[in-house]
Amino acid sequence: MADPTVGHEPRQTRWEVRVDGRLAGFTEYFVKDDRFVFVHTEIDDEFAGMGLGSLLARGALDEVGSMGRSLVPLCPFIRSWIGRHPDYEGLVDEVMLARFDERRREKERSGN
């Protein structure tokens with residue numbers, strides 16, 4: 001097996017991890033106020049347990065950092081990954097994250 005690669009696919013608004021050229025997983029985002037808002041991460045079952053989720057997160061977040069941009073981790077995987085890698089916490093826009101979290105709580109309270 002070749003080394004996995006992580007690449008940004010801006011037209012699909014996601015970063016992908018590939019193994020031997022095959023798509024093994026991705027993390028999706030949208031851009032809000034010049035911030036990457038990560039919403040979903042998925043690794044194909046065939047590639048589970050290989051550390052590809054961590055490789056994907058690190059690759060995507062390193063690139064966000066190299067662009068000088070910040071991010072909002074709405075995706076539970078990306079959010080917990082950052083929690084285990086505190087050196088990436090500086091990329092998080094905590095104010096925008098708090099706004100998203102409050103909107104989610106309001107929707108839950110109102111039953112929507």
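The following questions and answers cover three strands and a helix of a predicted model.

Local features need pLDDT of at least 70 and side-chain atom pairs count only at pLDDT 80 or more, while totals for chains, interfaces and linings use all residues. Residues are numbered from 1 along each chain as its sequence is written, and side-chain values use heavy atoms, with hydrogens and water left out.

Me: Which residue in E4 is the bridge partner of tyrosine 29?
Reply: Strands are DSSP runs of E, at least two residues, and helices are runs of H or I, at least four, numbered from the N terminus. Two strands pair if DSSP finds at least two bridges between them. E3 (residues 22-32) and E4 (residues 35-43) run antiparallel, joined by 8 bridges. Tyrosine 29 has as its bridge partner in E4 phenylalanine 38.

Me: In which sense do E4 and E5 pair, parallel or antiparallel?
Reply: Arginine 35 has serine 70 in E5 as its bridge partner. Between E4 and E5 (residues 70-73) there are 4 bridges, and the sense is parallel.

Me: Why are the buried residues of H3 on the same side?
Reply: Buried means under 20% relative accessible area, exposed over 50%, partly exposed in between (1.4 Å probe, protein chains only). In H3 (residues 94-110), the buried residues are Met96, Leu97, Phe100 and Asp101. They lie on the same side because the arc they cover, taken from the directions from the helix axis to the C-beta atoms, is only 140 degrees.

Me: Which exposed residues does the face of H3 turned away from its buried side carry?
Reply: The buried residues of H3 pack against E3, E4, E5 and helix H2 (76-84), contact meaning heavy atoms within 4.5 Å. The face turned away from that buried side carries the exposed residues Val95 and Arg109.

How values were computed
The expected span of a helix is 1.5 Å times one less than its number of residues.
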